[in-house]
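Trainee: Could you take me through one part of this structure up close? I'd like to see how a single strand sits among its neighbours.

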Amino acid sequence: MRARRRTVALAASLVLALGAGPLAVPAFASPAPASPAPTEPHPDGPDARALREAVAGLPDADATAALVRVGGTDGAWRGSAGVHDLASGRPADPHARFRAGSVTKVVTAAAVLKLAARGEIDLNRPVQHYLPGLLGRDFRPVTVRQLLNHTSGIPAGDGLGDTFAELYAHRFDTLTPQAVVASAAAKGPEFRPGRKQHYLNINYTILGLLIEKVTGRPYASAATALVLAPAEMRDTYFPGTDPRIAGPHNHGYQAVRKADGTTDLVDVTEWNQADRFAAGDMISTTADLERLLTSLFGGRIVPRPQLREMFTLPARIEGATYSAGLQRFENGGRIYWLKTGGRYGYNAIVAGTRDLDRTLVYSVNTTDAKGEGMNPVAERIALAALR
């Protein structure tokens with residue numbers, strides 16, 4: 001019973017994606033076995049057997065591939081499973097690039113905090129000071145810190161559709177961040193700033209525009225200089241309006257139920273993510289995200305006085321779990337700081353204890369990455385790694 005409660009709590013806290021119920025899927029190529037790297041012996045180290053079992057049997061109805069890196073002072077484990085694509089059935093590339101989704105927010109938060117350390121941004125100053133006219137008169141002053149920790153009260157912006165079918169039909173269209181923010185501003189405030197916490201992309205879309213205004217450079221260029229380059233993330237980039245994933249990558253699929261009750265797996269690898277912008281359009285690798293985690297938590301990207309913002313929850317807000325760019329999660333007596341991301345075809349996570357005793361990075365090619373709940377493959381990996 002205790003293990004079941006822990007599983008449910010983990011699934012709720014990580015806010016990852018799961019399709020609604022089992023799917024009748026097309027026949028898959030033979031599953032590619034997990035290919036772990038040697039495990040460092042340590043009594044409190046990663047459970048290699050549990051991790052191998054977590055990714056065994058891919059591809060299946062829930063995911064077509066998984067790339068996993070567990071690290072830290074307790075030891076390390078590396079593994080991959082599944083296929084590069086369903087047509088060929090060849091093994092998944094363990095070094096592949098993938099859509100990191102909202103893990104992008106970690107980079108955006110780090111860039112803002114680094115600019116704050118330089119005195120170019122004041123976290124207590126309203127964003128309206130830096131971007132006059134961005135929000136209407138109905139909005140009270142919203143501080144930069146309130147954007148970082150999702151307590152701004154700014155509602156979600158509009159997208160190119162609500163259902164997968166609508167979004168898929170517009171997957172090559174461009175929706176600018178400015179248009180997204182304008183649609184959010186037109187709705188008026190959701191609540192008074194600082195009163196609640198509501199995790200929304202709009203906060204980081206606006207932070208991306210703030211970074212551009214303060215640096216005088218496009219977001220991609222500024223974030224690369226401020227964060228990616230110091231962390232030596234050489235395989236990470238921001239695609240902008242390009243729908244492709246440059247370089248080696250494993251294909252992503254979305255399960256689509258047909259009228260006759262059967263399910264198709266639609267290739268969603270190519271998709272224009274421009275509207276995700278600073279909130280979620282980054283493409284990366286598991287090795288690069290591990291570098292981001294260790295460099296950031298080690299104080300090599302953001303100076304430690306500002307880094308504390310990433311490990312501080314907003315005060316006096318019941319149920320708050322989000323800090324600047326991260327989310328707090330406690331499991332088995334350990335506190336982890338993490339960020340998940342989900343784009344169609346891809347789920348990702350970066351997670352670690354503050355002292356880097358244990359870290360986890362994965363990319364799972366889930367077949368319903370934007371569904372409700374947590375993907376079973378991702379859940380198994382997290383439970384095996386975050387013990």
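Mentor: Let's look at strand β10 and the strands beside it, and then glance at the pockets. Keep in mind that this is a predicted model.

Strand β10 covers residues 359–366, and it's mostly covered up: eight of its eight residues are buried. Follow the side chains and you'll see two sets. Thr359, Val361, Ser363 and Asn365 point one way, while Leu360, Tyr362, Val364 and Thr366 point the other way. Whichever way they point, all of them are buried.

Now for the partners. One is strand β1 (residues 63–71), which pairs with β10 in the antiparallel sense over seven bridges. To find your place there, look for arginine 69, which stands opposite valine 361 in β10. Another partner is strand β9 (residues 346–353), joined to β10 by six bridges and also antiparallel to it. Here isoleucine 349 stands opposite tyrosine 362.

β9 and β10 make a hairpin too, with five residues between them. Check out leucine 356 in that turn: its phi is positive, at about 65 degrees.

As for the pockets, the largest one has a volume of about 1,100 Å³. It's lined by 45 residues, with Asn201, Arg276, Gly342, Arg343 and Lys370 nearest its centre. Strand β8 gives the most to that lining, with five residues. Sorted by class, the lining has 16 nonpolar, 18 polar and eleven charged residues.

Note on methods
Residues numbered from 1 in each chain as written. Predicted model: local features only at pLDDT ≥ 70, side-chain atom pairs only at ≥ 80, totals over all residues. Heavy atoms only, no water. Buried < 20%, exposed > 50% of the residue type's maximum accessible area, 1.4 Å probe, protein only. Helix = DSSP H or I, 4+ residues; strand = E, 2+ residues; numbered from the N terminus. Pairing = 2+ DSSP bridges. 1 Å grid on protein atoms, 1.4 Å probe; cavity = no way out; pocket = protein on both sides within 12 Å on 5 of 7 lines; lining within 4 Å. Points joined across faces, edges and corners; volume = space filled by probe spheres on them. Nonpolar A, V, L, I, M, F, W, Y, C, P; charged D, E, K, R; others polar.
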